[in-house]
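Please look through the model shown here with its strands and its pockets in mind. The report that follows takes up strand pairing, then the pockets, and then one arginine.

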Amino acid sequence: MKRIKAAVIGCGVISEVYLKSLQENFTIIEVTACSDLSDERMHRVAEHYHIKAMDWQEILEDPSIEMILNLTSPAAHFSLSRQAMEHGKHVYSEKMMAVDYREGKRLCALAEECQVRFGCAPDTFLGGGIQTARYVVDHGLAGNILSGVLSLTRDYRVFGENLPHLYKKGGSILYDMGGYYFTAVCSILGNVKRVSAFGKKTEDVHKVLRAGSPLYGQELALEEENVIAAVLEFEDQVIVTVHFNSGTIINESFHMELYGDKGIIRMGDPNIFGGEVILEKAQNQPVVFPFTHGFLKESRGLGAAEMGWAIRKGRPHRAGKEMALHVLEIIHGIFTSIKTRTVYEMETVFERPCPLPEGFIGEGFWAADEESAVI
């Protein structure tokens, strides 16, 4: 099978996670180039991963490069993805596809117009943890799902002093982390129909007090609510409670649970690929359900690789633009509901991506090779 040549745009920390994973775990994508606003960072990454440092315009004009991996900061996603599509490149974007719902819709329409593929992170829903949870739900082991809880707490007062974009529109906890939770639950339950939410800011301005920080003494405006409580009503009337708080202590606390009429499913951290799935049945102790799927270790780039195989095979890819846009609209709907004090009616719909084939778990010559699951 002819490999897909790709270029990485944005050489920050996440680029090295992608490059390591793509080079070690997947055969379908050959990353040949990278680009970044910082020449020093670009050349360091290029040298370490044995790829070519290239100017962005050079990449756009290179006909051998079929796919762009857009790993820039969220605010740059729209512009760079748009340029790539207009040059006939397939695009796989880090989350979110854009920081504005209208821009997300424009990108999806442009992908259709330019007849290119558009995929979007997070791809952790393709990992063994969420795929196993979907197996449990799809096989009725918890009965009919009635409700659920999604919750995450962090301290962006600490994180934001290193990553100040977390204080800006499109960088708050819902944009930064909500995508993992909403993508996971939507891949299992399908479309959200209505959204209702409340929110507040824990501070209007944050003063940086980190010793040695280049931002020391500066004041950073908090542009979006960072304490969120919401309710999602799914098409089949499953009610999911949402709670996000980035103003509490740094010790991360997360919950992803689904409650059925025959059991309770507790999932692991959706920010990783191999979170445990715990199934609790009536009058029984909870048990760790055996993994039905692979990709249990760090596998960033899995969504891009699966898209690469889908391009070569002529089939739909799973980390598709429709579900990613639906997730972006959920976040848009939450903030709209907070501001208008009304229930937000969703307008986008998507088809749940098919689960990966089960059983491809493990490494080595005698194992059921994981990449075989995405061919």
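In this predicted model, Met 67 stands opposite His 90 in E5, and strand E4 (residues 67–70) runs parallel to strand E5 (residues 90–93), the two being joined by 4 bridges. Both strands belong to an open sheet of 6 strands with parallel pairing, in the order E3-E2-E1-E4-E5-E6. At its edges lie strand E3 (52–53) and strand E6 (118–120), each of which pairs on one side only.

The two pockets compare as follows.

| Pocket | Volume | Lining | Composition of lining |
|---|---|---|---|
| Largest | about 1,200 Å³ | 40 residues | 21 nonpolar, 10 polar, 9 charged |
| Second largest | about 470 Å³ | 19 residues | 8 nonpolar, 3 polar, 8 charged |

Nearest the centre of the largest pocket lie Ile 14, Leu 71, Thr 72, Ser 73 and His 165, and the elements that give two or more residues to its lining are helices H1 (13–25), H2 (39–49), H4 (74–86), H7 (156–162) and H8 (173–189). In the second largest pocket, the residues nearest the centre are Pro 316, His 317, Arg 318, Gly 320 and Glu 322. Helix H5 (101–114) and helix H10 (321–340) each supply at least two residues of that lining, with the largest share, 3 residues, coming from H10.

Is Arg 300, which is found in the loop between strand E16 (287–288) and helix H9 (302–313), buried or exposed? Arg 300 has a relative accessible area of 8% and therefore counts as buried, the cut-off being under 20%. Beyond its neighbours within four places in sequence, Arg 300 is in contact with residues including Ile 14, Tyr 18, Asp 123, Tyr 180 and Asn 271.

How values were computed. Residues numbered from 1 in each chain as written. Predicted model: local features only at pLDDT ≥ 70, side-chain atom pairs only at ≥ 80, totals over all residues. Heavy atoms only, no water. Buried < 20%, exposed > 50% of the residue type's maximum accessible area, 1.4 Å probe, protein only. Contact = heavy atoms within 4.5 Å. Pairing = 2+ DSSP bridges. 1 Å grid on protein atoms, 1.4 Å probe; cavity = no way out; pocket = protein on both sides within 12 Å on 5 of 7 lines; lining within 4 Å. Points joined across faces, edges and corners; volume = space filled by probe spheres on them. Nonpolar A, V, L, I, M, F, W, Y, C, P; charged D, E, K, R; others polar.
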